[in-house]
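Please walk through this structure from the overall fold to the spaces inside it, and then to a few places in the backbone that deserve a second look.

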Amino acid sequence: MDHRVFLSLVFVLSGTFNVLVVKWANQQQVIGSDGELHGFQHPVVFTMLMFLGEFLCFIAFKVGRLVVNRRGPGAELDSILTQVSGEFHPLSMLLPTMLDAMASILLFTGLYLTYATSFQMIRGAALIFVGIFSTMYLNNTLGTRHWLAIFTMACGILDIISLDVQRVDYDRFTLPHTDHKSILAGDMLIIIAEILHGLQYVYEEKQLKISNAAPLQAAGWQGIFGMAITAILAICMHFVPSVMPFNESSRAVFDDWSDLWTGLEGNAPLILGLIAFTLSCAVYNFIGLFIVMYSSSANRLLADGLRVYFIFVFVIVMEWEYFNLITIMGFIIMQMGIIMYRQAIFVDWYRAALARWQRSRYVDLSADAAAAAPNSRPADVI
């Protein structure tokens with residue numbers, strides 16, 4: 001199996017696991033600091049664990065450099081995983097980390113309030129914003145196919161959101177709040193988060209391709225900055241009062257850390273789930289940056305969009321959600337837009353490859369003509 005196919009598969013599976021384990025944790029009823037049962041609503045904690053996973057990439061990068069220095073540089077290991085670029089500045093990862101921190105807190109909050117399948121399908125909105133922002137900051141050009149695909153995805157997202165507002169009346173198994181406003185708030189938080197993610201992905205693509213940094217190194221610095229930023233946010237969220245449906249904690253704050261320690265006490269399955277989530281985030285974010293560096297942020301999102309199929313299969317098998325014809329229609333419309341966007345990229349690849357082939361053929365013909373010129377003799381003068 002080609003290593004790119006293997007990495008893409010691991011990327012999709014780890015992303016699928018992240019969504020499912022967070023949704024599973026959200027459904028757990030744990031004892032809070034007040035002695036009452038509460039839902040496990042800790043979006044800041046999940047964000048902190050995500051950045052902890054990215055920090056593990058920095059440790060892996062340092063260990064890899066140590067191995068390379070002792071055993072000598074290897075072509076594949078040194079160039080892809082542990083290369084050191086003199087043009088890379090750690091502070092270049094600060095802005096995307098700030099965007100990622102804010103977007104992740106919004107995403108985990110939205111996932112708590114909505115369905116896992118809706119969460120993943122609405123996340124496809126990131127492809128819309130990446131396409132738009134790439135025209136502003138990467139000087140990319142969107143053709144008619146791209147804009148048609150963006151319009152189709154927007155229609156699919158609108159269908160999914162409108163369906164969720166109606167679906168909450170009969171499909172309540174995984175929802176902590178069964179009112180229309182809560183699920184609509186969750187869906188809108190996901191869209192806002194994807195706007196921030198669109199900016200983050202485009203900025204990362206520009207910085208990584210300019211600096212030629214190792215993906216492990218970039219992910220590691222994001223983990224370092226992210227843990228510091230999230231720690232500051234955690235202190236604020238621990239004391240700032242919140243409103244429904246964001247105040248499930250004992251003290252009615254956004255993220256109560258005293259509830260966290262009480263809820264984890266003696267809860268081995270939940271602790272193991274959080275550890276697995278941290279490790280999975282390390283793999284997911286490293287491979288995501290690898291795809292961005294050696295391809296594009298749009299292709300990262302196209303690969304990430306494949307995990308919706310795995311999530312659909314899981315929730316159907318586990319009977320987490322009910323599906324009807326409108327749900328399937330929204331899913332089909334969304335996938336049609338993604339496929340159209342992917343085909344537009346393939347057309348661009350084909351045209352670029354054809355142009356390179358034509359240029360190389362022209363160079364070869366010019367070289368042959370230049371080589372034959374010295375051997376030619378001038379015509380005899382009569």
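The paragraphs below take the chain as a whole, then one helix, then the cavities, and last the loops.

The model is predicted, not experimental. Its chain contains 14 helices and two strands. Of the 382 residues in the chain, 51% are buried. Among contacts with a separation of 6 or more, 81% join residues that are 24 or more positions apart.

Helix H4 is a useful place to start. H4 covers residues 94-113, which makes 20 residues. From the first C-alpha to the last, H4 reaches 29 Å, close to the 28 Å expected at 1.5 Å a residue. Is this helix enclosed or not? Because 15 of its 20 residues are buried, H4 is largely enclosed by the rest of the structure.

Thr109 gives a view of H4 at the level of a single residue, since this threonine is found in that helix. Thr109 has 2% relative accessibility and therefore counts as buried, the cut-off being under 20%. Its side chain reaches the backbone oxygen of Ile105 at 2.7 Å. Leaving aside residues up to four places away in sequence, Thr109 touches Pro43, Leu189, Phe246 and Phe254.

The next topic is the empty space inside the protein. Rolling a probe the size of a water molecule over the atoms shows where such space is left. In this model the count comes to three cavities of 30 Å³ or more.

The largest cavity has a volume of about 250 Å³. It is lined by 20 residues, and those closest to its centre are Met50, Leu107, Phe108, Arg123 and Tyr284. Four elements give two or more residues to this lining: helix H1 (3-26), H4, helix H8 (180-211) and helix H11 (268-294). Which of them supplies the largest share of the lining? That is H4, with five residues. By residue class, the lining of the largest cavity divides into eleven nonpolar, five polar and four charged residues.

The second largest cavity has a volume of about 130 Å³. Of its 15 lining residues, Arg123, Gly124, Leu301, Gly305 and Ile338 are the closest to the centre. At least two residues of this lining come from each of helix H5 (116-122), helix H6 (125-137), helix H12 (297-304) and helix H14 (325-372). The lining of the second largest cavity consists of eight nonpolar, four polar and three charged residues. Arg123 appears among the residues closest to the centre for the largest cavity and also for the second largest.

Some backbone details remain, and they lie in loops. In the loop between helix H9 (215-239) and helix H10 (257-264) lies Pro245. The peptide bond that leads from Met244 into Pro245 is cis, with omega near 5°. The loop between H9 and H10 also holds Ala252. Although Ala252 is not a glycine, its phi is positive, about 60°. With a relative accessible area of 29%, Ala252 is partly exposed.

Glu319 is found in another loop, between helix H13 (307-318) and H14. Glu319 is not a glycine either, yet has a positive phi of about 60°. Is this residue buried or exposed? Its relative accessible area is 63%, so Glu319 is exposed.

Key. Residues are numbered from 1 along each chain as its sequence is written. This is a predicted model: local features need pLDDT of at least 70, side-chain atom pairs count only at pLDDT 80 or more; totals for chains, interfaces and linings use all residues. Side-chain values use heavy atoms; hydrogens and water are left out. The expected span of a helix is 1.5 Å times one less than its number of residues. Buried means under 20% relative accessible area, exposed over 50%, partly exposed in between (1.4 Å probe, protein chains only). On a 1 Å grid over the protein atoms alone, a cavity is a set of points where a 1.4 Å probe fits but cannot get out, and a pocket is an open set with protein on both sides within 12 Å along at least five of seven lines; lining residues have an atom within 4 Å of a point. Grid points are joined across faces, edges and corners, and a volume is the space filled by probe spheres set on the points. Ala, Val, Leu, Ile, Met, Phe, Trp, Tyr, Cys and Pro count as nonpolar, Asp, Glu, Lys and Arg as charged, and the others, Gly among them, as polar. A polar contact is a pair of N or O atoms within 3.5 Å; within protein, one must be able to donate a hydrogen and the other to accept it, and residues adjacent in sequence count only if both atoms are side-chain atoms. Contact means heavy atoms within 4.5 Å.
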